[in-house]
Amino acid sequence: MKRVLVANRGEIACRVIGALQDLGIEAVAIYSVADKEALHVQLADKAICIGGASVQDSYLNISRIIAAAEISGAEGIHPGYGFLSENADFAEIVEKSGLIFIGPSSDLIRSLGNKVEAKKAARAAGCPAIPGTVDKVCSVDEALLQAKEIGFPLLVKAASGGGGKGIRLVEKAEEFEAAFYAAQKEAMLCYGDDAIYLEKKIVSPKHVEVQVIGDGYGNVIHLYERDCTLQRRRQKLIEEAPSLAIHKSKQEEICRAAVALCKKVGYFSLATVEFLLEEDGSFYFMEVNTRVQVEHTITEELFGVDLVAMQIGVALGKKLPITQEQVEKKCGHVMQFRINAENPSLHFRPSPGLITHFVPPLGAHIRFDSAAFSGSYISPYYDSMIAKLIVRGDSREEVIVRAKRALQAFQIEGIDSTIPFHIAMLEDKEFVENRHNITTIDSRQEVKV
């Protein structure tokens, strides 16, 4: 393969472009009129404007993306994460256009992207699943009957999609109907599918996910787990590896379960199998993300691998370059901090605008993934992420010390950012002692920074 189109923007587009160029493959960027001066456009070997600032006119416009690939002579498309990365229809169109989709097949995306079908596959593979409906429900009356059998509190969840959309918490039966219709409406708006399923609410769990990769020859391996517990409104804020909340015996069990599921469905490419972990060590399957994750960086730093390059290799028909036996659990700890253009003192109010001054932290044991620079613009049209700060150390305690120094050294002016929030969390007793859960931030009246 000589040329690949990167169907994304921001830091993940820059990340994929770098991996392609390292492999000797030309990278073609696409961009909206709002992203004309964006870093991914500057880094690519070629760039094509595909439309207006809105995502519907550009990064979600399938016909224009396919046209850009054909015009540029690209032989494949890498979707990154977000946008169309888990859109089975997009993957299918790419396949039918004679292009290589750098990810799993459209059939795998479609089957695992439907959470109801994914839960069925998980159960068949021996993965413990959260109690809930076995099939999707479309009628509110039918759903209410099943909800009473499951018991409250429970979650009403979209059967398709991900990223925390189309989900409503229901504490009691009287709230169910309104929550059902709200989740159904949001699911249709976000995913074009209003199918709903019900799931028992697991109170105050940890969020643990397993990084998996498979090739087209039946080989599937895991690269252990990540802890993504610190969240706000189901959006991850700080991720780390390994998870210190999971016992060694359970660690092996949860990783084996993730691999068993992927082998059961014949999976290839990168995937993340997500679980909820209770205090007693019990874990439950949640979903499979059929793409590269935002937090893939911490696994890369812990194991010294290039997951994106491996993903590209698998798409080109190569076997995995490593076996499970060669994956050694590395000593040490890694954390990732998502730096967003938001004001944490004002309930994380978005803060788009011009970055007038930008000096990222430097030094040993620090990785910095970003598409921002002095003079760049954080657009209100897209995700508010400015950068990802990844810090490594021999222990979690050492990472916390280094991360605090790095965050304090990070200079950014012109917009607000979540840097003060991250510094505050590194001084927060509950987080430092690893006693937080997925409700920690949302349960607080305010986040002091």
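**Helices and sheets in a predicted chain**

Biologist: Which residue just after helix 1 takes a positive phi?
Modeller: Helices here are DSSP runs of H or I with at least four residues, strands are runs of E with at least two, and both are numbered from the N terminus. Just after helix 1, a positive phi of about 80° is taken by Gly-24.

Biologist: Before we go on, at what pLDDT do side-chain atom pairs count?
Modeller: Residues are numbered from 1 along each chain as its sequence is written, and side-chain values use heavy atoms, with hydrogens and water left out. This is a predicted model, in which totals for chains, interfaces and linings use all residues, local features need pLDDT of at least 70, and side-chain atom pairs count only at pLDDT 80 or more.

Biologist: Back to helix 1, then: what span does it reach from its first C-alpha to its last?
Modeller: Helix 1 covers residues 10-22, which is 13 residues. The expected span is 1.5 Å times one less than the number of residues. That gives 18 Å for helix 1, and the model comes close to it, at 19 Å.

Biologist: Why is helix 1 described as largely enclosed by the rest of the structure?
Modeller: A residue is buried when its relative accessible area is under 20%, exposed when over 50%, and partly exposed in between (1.4 Å probe, protein chains only). The buried residues of helix 1 include Cys-14, Arg-15 and Val-16. Helix 1 is largely enclosed because its buried residues number 10 of the 13.

Biologist: How many residues of helix 10 are buried?
Modeller: Helix 10 spans residues 296-303 and is mostly covered. Among its buried residues are His-296, Glu-300 and Phe-303. The count for helix 10 is 7 of its 8 residues.

Biologist: Which residue follows helix 10?
Modeller: Look for a positive phi near 70° in the residue that comes after helix 10. That residue is Gly-304.

Biologist: In what order do the strands of the 3-stranded open sheet lie?
Modeller: Strands pair if DSSP finds at least two bridges between them. The pairing in this sheet is antiparallel, and the order is 7-6-8.

Biologist: Which are the edge strands there?
Modeller: An edge strand pairs on one side only. In this sheet they are strand 7 (167-170) and strand 8 (196-200).

Biologist: Which residue in strand 8 stands opposite Val-156?
Modeller: Strand 6 (residues 154-158) pairs with strand 8 in the antiparallel sense over 5 bridges. Opposite Val-156 in strand 8 stands Leu-198.

Biologist: What angle does the direction of helix 7 make with strand 8?
Modeller: Helix 7 (residues 140-150) packs on the sheet and touches strand 6 and strand 8, where contact means heavy atoms within 4.5 Å. Axes are lines fitted to C-alpha atoms, for helices over the stretch in contact, with angles from 0 to 180 degrees between N-to-C directions. For helix 7 and strand 8 the angle is about 15°.

Biologist: What is the strand order in the open sheet of 5 strands?
Modeller: Pairing in this sheet is parallel, with the order 3-2-1-4-5. Its edge strands, each pairing on one side only, are strand 3 (46-51) and strand 5 (100-101). Reading across the sheet again, the order is 3-2-1-4-5.

Biologist: Which residue in strand 3 stands opposite Ile-30?
Modeller: Strand 2 (residues 26-32) pairs with strand 3 in the parallel sense over 5 bridges. Facing Ile-30 from strand 3 is Ile-48.

Biologist: Finally, how many helices and strands does the chain have?
Modeller: Of the 449 residues, 57% count as buried. The chain has 14 helices and 22 strands.
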